[in-house]
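User: Please explain how the descriptive terms applied to this model follow from their criteria.

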Amino acid sequence: MTGRCESIASRTASSRNSGEYLLALPNFPLVSLQDHRIGSLSGNLGAPQVAAASLHDIGYAPALAHTGFHPLDGARWLQDQGVEERLVCLVAHHTAALVEAQRRGLRAELEEFCFEDSEVTDALWYADLTSSPIGEAVDVDTRLGEILVRYGPGTVVFDSITQARPGLEAAVRRVEGRLAALNRR
Ligand SMILES: [Fe+2]
């Protein structure tokens, strides 16, 4: 993380500005449920993670789709609303968004937002990767398999997920390890 990003990540996050947007997401309740399942992992997980899990796909909303790349569109819109910067950055970089941004020619635009290399990021990605599009709890293979079938070979999403897969699976394994350690206590 750069100095600026470290400073953002270390701030106490506030969900003060995010509550009104939560219901904009069809899968909010169940993605949020996944989030709460891992919410006890450490003292670092709290409001920013819960809010980011709830808001991460808000860029899919047609009214917000300016570039057509939902992590960037969502982050820019949240930024415009004055949402806390750490949360905006978590949304921008959710679930290896940088890989797809590169393929879409939007890497520089996404990198205007800080990437937070932390347990909070892992937990957000885990929540996304273990929730189906309708919010059911699924394993990461099922989740990624569904995305690959839905978009199909030759699409930007298919190629991006394929490229990002090792990193996505590693994030899930790290969270599963933390959960297992927690359960052994
Ligand atoms: Fe997403």
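The exchange below sets values against definitions.

Analyst: This is a predicted model, in which local features need pLDDT of at least 70, side-chain atom pairs count only at pLDDT 80 or more, and totals for chains, interfaces and linings use all residues. Residues are numbered from 1 along each chain as its sequence is written.

User: Why is H9 called roughly antiparallel to H10?

Analyst: The axes of H9 (residues 140-151) and H10 come within 10 Å and cross at roughly 175 degrees. Axes are lines fitted to C-alpha atoms, for helices over the stretch in contact, and angles run from 0 to 180 degrees between N-to-C directions. Angles under 35 degrees count as roughly parallel, over 145 as roughly antiparallel, 65 to 115 as roughly perpendicular and the rest as oblique. H9 is therefore roughly antiparallel to H10.

User: Which residues of H9 and H10 meet?

Analyst: Val 140, Leu 144, Ile 147, Leu 148 and Tyr 151 of H9 meet residues of H10 including Val 157, Phe 158, Ile 161 and Arg 165. Contact requires C-beta atoms, placed from the backbone, within 7 Å. The residues of this contact comprise 10 nonpolar, no polar and two charged.

User: With which residues is Ala 92 in contact, leaving aside neighbours within four places in sequence?

Analyst: Ala 92 is in contact with Pro 71, Leu 72, Ala 75, Ala 97, Leu 110 and Phe 113.

User: What is the pLDDT over residues 11-33?

Analyst: On the scale from 0 to 100 that gives the predictor's confidence in each residue, the protein has a mean pLDDT of 79. Over residues 11-33 the pLDDT is below 50, and over residues 36-45 the pLDDT is also below 50. Where pLDDT is low, the predicted coordinates should not be read in detail.

How values were computed: Contact = placed C-beta atoms within 7 Å. Helix = DSSP H or I, 4+ residues; strand = E, 2+ residues; numbered from the N terminus. Nonpolar A, V, L, I, M, F, W, Y, C, P; charged D, E, K, R; others polar.
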